[in-house]
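Colleague: I am in my first year and still learning to read structures. Could you take one part of this one, the parallel sheet, and lead me slowly through it and through whatever lies around it?

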Amino acid sequence: MQLDLIVSAKKIITLDDTRPEATRMGVIGERIVGFDEELDDCTAAREEDFGDAVLVPGFIDAHCHTTWWGLGLTAIQLDQARGLDDLYERIRAEVARLDAAGAAPDAWVHGTGFNQKHHGGEFPDIKVLDELTGDRPLYLRHTSGHAAITNTATLRLVGALEDGFENPTGGTIVRDDTGAPTGLVEEAAQSLIQSLLLPYSTEEIAAALDAATERYAAEGITSFCEAGIGGGWIGHSPIEASGYALARRTGRLHARATLMPAIDSLSELSANSADFRGEGEGLGVSLGVPTGFGDDWVHFGHIKAFMDGSLLGGTAAVTESFCLHNHGGDNKGYLLNSPEKFRADVRAAYRAGWPIALHAIGDAAIDLALDLIEECQTEYGDNGAKNRVEHFGVSRPDQVERAGRLGIVATPQASFTIPLGDQEMKMVGPDREGWLYRTKSLLDAGVVVAGSSDLPVAINNVRVALQSLVDRTTEAGQLMGPDEAVDAETALRTYTVGSAIGTGQLANKGTLTRGKLADFVALSDSPLTASRIDELDVIATFIGGTASYDSRD
């Protein structure tokens, strides 16, 4: 029999219990057709011999922000600044570059990746920012994505300096004791700034996806889940999905994409009284486009809704006050809308057939997310994919048990452990350190854990994330909830099997199994036996039997 491709390596780790290991794998089209002895009488148009390398299923990043990251690759990289003087100098240099290039006086100064930990916990002084930028608008994104820093010129453009200005629901223009803006803009208030920038064109989105996913391929990522498109402060265009279609059509998408429409992007739809679980109306995408619509490269997944904010910004909704935060007094963060509004919108989307993915970092937000999931599952049944809680950041033991009982998927970020873990532990204090971004207790309770980076909040080097799942060690060498550590195989399964389940794609991805897509990564050694997973090299990444990255070239 003539195959399209036969791949061989020292070891192929399939994660399929019926055939855990192999040394040869056959491919026809984009799919696996057999292993080892099943290929004895076969020839192939192409052969790939990886020698001493070890093959594993392609990595799936179950929660990231690809367009955001791709667009930010040309911005000031604020994560590299150390100390406010260094940050100010980088802004000064960017303004000088714009001036020298003859940019229009209203051309934006963009920066991304700000983290106060690199500046002694301090935020930039708006007076200094004003001196540096003048009348140019300024948009500096916090590494969490849940806050931004801007200048007076921009605040004037959005009306924040006018008498009678009111903060938008779910967000705040932070002010000092005199009522003057500090330049810090939290949560949904960022949409005021973004309204001056949006929408990006489909060509800009496709170009950003090209730059981003080319880098994904070099990390062994074959699929990803874009956690919010089309609406709210997370979206880039009301037709953002068209940017993905354009990238795919023009050869600029280098990993398979599952798209989560932001709940803000949905429209009220009316149909036959028998539709929408017999209620005749709900929230959905125009024409009734359903979850799963698309193909193996670009398709719709869950609906994304933000319950609360971020841990680093002190805007995650918790039941006990943060120990360290950016606001004075007793701070328990906040929900980004009323529980009643969340309930109405989430139920309407679920009624329209969408599985739900609810961003909930603080335990108060997790309570609400679990309430809504339980209500929807009890009243309306199954929507074809497990419902998700994004991040599950600060979770009490009773919530872990309840999540297991409800059969949800959780996407805690092991990638946060090194760069953000020390800050997070200070935020919650020693009594809650063990509640942070759990893994083992969730798995023990029956929760599916999907591996994810939340890029650009943290890097998407999967090997580093796998090592963090195993050792839970922060940048300062602290152990963040050591009881939540797992073994290497369990870690690998989160970024493969767990993420495939979390995106509703286990039938096609997650293991190397006959009939599934031939998406795999060649590593320099086995992640199951290596002394340090984060020291392994990505030799090559293949999607559907075709290389998206190959270091051998």
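Modeller: In this predicted model, five strands form an open sheet in the order β18-β19-β20-β21-β22, and their pairing is parallel. The two edge positions belong to β18, residues 303-306, and β22, residues 448-449; each of these has a single partner strand, so one side of each is left without a neighbour in the sheet. As background, strands of a sheet pair through backbone hydrogen bonds, and they may do so in a parallel or an antiparallel way.

It helps to look closely at one edge. Strand β21 covers residues 409-411 and pairs with β22 in the parallel sense, over two bridges. One residue you can find there is Val-409, whose bridge partner in β22 is Val-448. Elsewhere in the sheet, helix α10, made of residues 363-380, lies across β19 (356-360) and β20 (388-391), and α10 runs at about 165 degrees to β19.

Strand β20 also holds a residue with an unusual backbone, and a general remark prepares for it: most residues other than glycine have a negative phi, and most peptide bonds are trans. His-391, which is found in strand β20, has a phi near 85 degrees, a positive value in a residue other than glycine. Is His-391 buried or exposed? Its relative accessibility is 2%, and because buried means under 20%, His-391 counts as buried.

A useful contrast is Leu-287, which also has a positive phi, of about 70 degrees, although it is not a glycine. Leu-287 sits in the loop between β16 (281-284) and β17 (298-300). With 88% relative accessibility, Leu-287 counts as exposed, the cut-off for that word being over 50%.

If you follow the chain out of edge strand β22, you come to Pro-456, which is placed in the loop between β22 and α14. The peptide bond that leads from Leu-455 to Pro-456 is cis, with omega near 10 degrees. Another cis peptide bond joins Leu-198 and Pro-199, with omega about -5 degrees, and Pro-199 lies in the loop between α5 (190-194) and α6 (202-218).

Pro-456 brings us to the open spaces of the model. The largest pocket has a volume of about 550 Å³. Its lining is made of 27 residues, and those closest to its centre are Asp-79, Pro-456, Val-457, Ala-458 and Ile-459. Two or more lining residues come from each of the elements α1 (66-72), β8 (109-114), α12 (417-428) and α14 (462-471). By kind, the lining of this pocket divides into 13 nonpolar, 10 polar and four charged residues.

There are enclosed spaces as well, since the whole structure contains five cavities of 30 Å³ or more. The largest cavity holds about 100 Å³ of space. It is lined by 14 residues, and the closest to its centre are Ser-144, Ser-310, Ile-361, Phe-416 and Val-457. The lining of the largest cavity has seven nonpolar, five polar and two charged residues.

Strand β8, which gives residues to the pocket lining, leads to another sheet that you can set beside the parallel one. This open sheet has six strands in the order β7-β8-β9-β10-β12-β11, and its pairing is mixed. At its edges stand β7 (76-77) and β11, each with a single partner strand, so one side of each has no neighbour in the sheet. Helix α2, residues 84-100, packs on this sheet and touches β7, β8 and β9 (138-142), its direction making about 150 degrees with that of β8. Helix α3, residues 126-133, packs on the sheet too, touching β9, β10 (147-149) and β12, and its direction makes about 100 degrees with that of β12.

For an antiparallel pair to compare with β21 and β22, look at β11, residues 171-175, and β12, residues 181-187, which are joined by four bridges. Thr-172 stands opposite Glu-186 in β12, while the bridge partner of Arg-175 in β12 is Pro-181. These two strands form a hairpin with five residues between them, and there Gly-179 takes a positive phi near 90 degrees.

Conventions:
Residues numbered from 1 in each chain as written. Predicted model: local features only at pLDDT ≥ 70, side-chain atom pairs only at ≥ 80, totals over all residues. Heavy atoms only, no water. Pairing = 2+ DSSP bridges. Contact = heavy atoms within 4.5 Å. Axes fitted to C-alpha atoms, helices over the stretch in contact; angles between N-to-C directions. 1 Å grid on protein atoms, 1.4 Å probe; cavity = no way out; pocket = protein on both sides within 12 Å on 5 of 7 lines; lining within 4 Å. Points joined across faces, edges and corners; volume = space filled by probe spheres on them. Nonpolar A, V, L, I, M, F, W, Y, C, P; charged D, E, K, R; others polar. Buried < 20%, exposed > 50% of the residue type's maximum accessible area, 1.4 Å probe, protein only.
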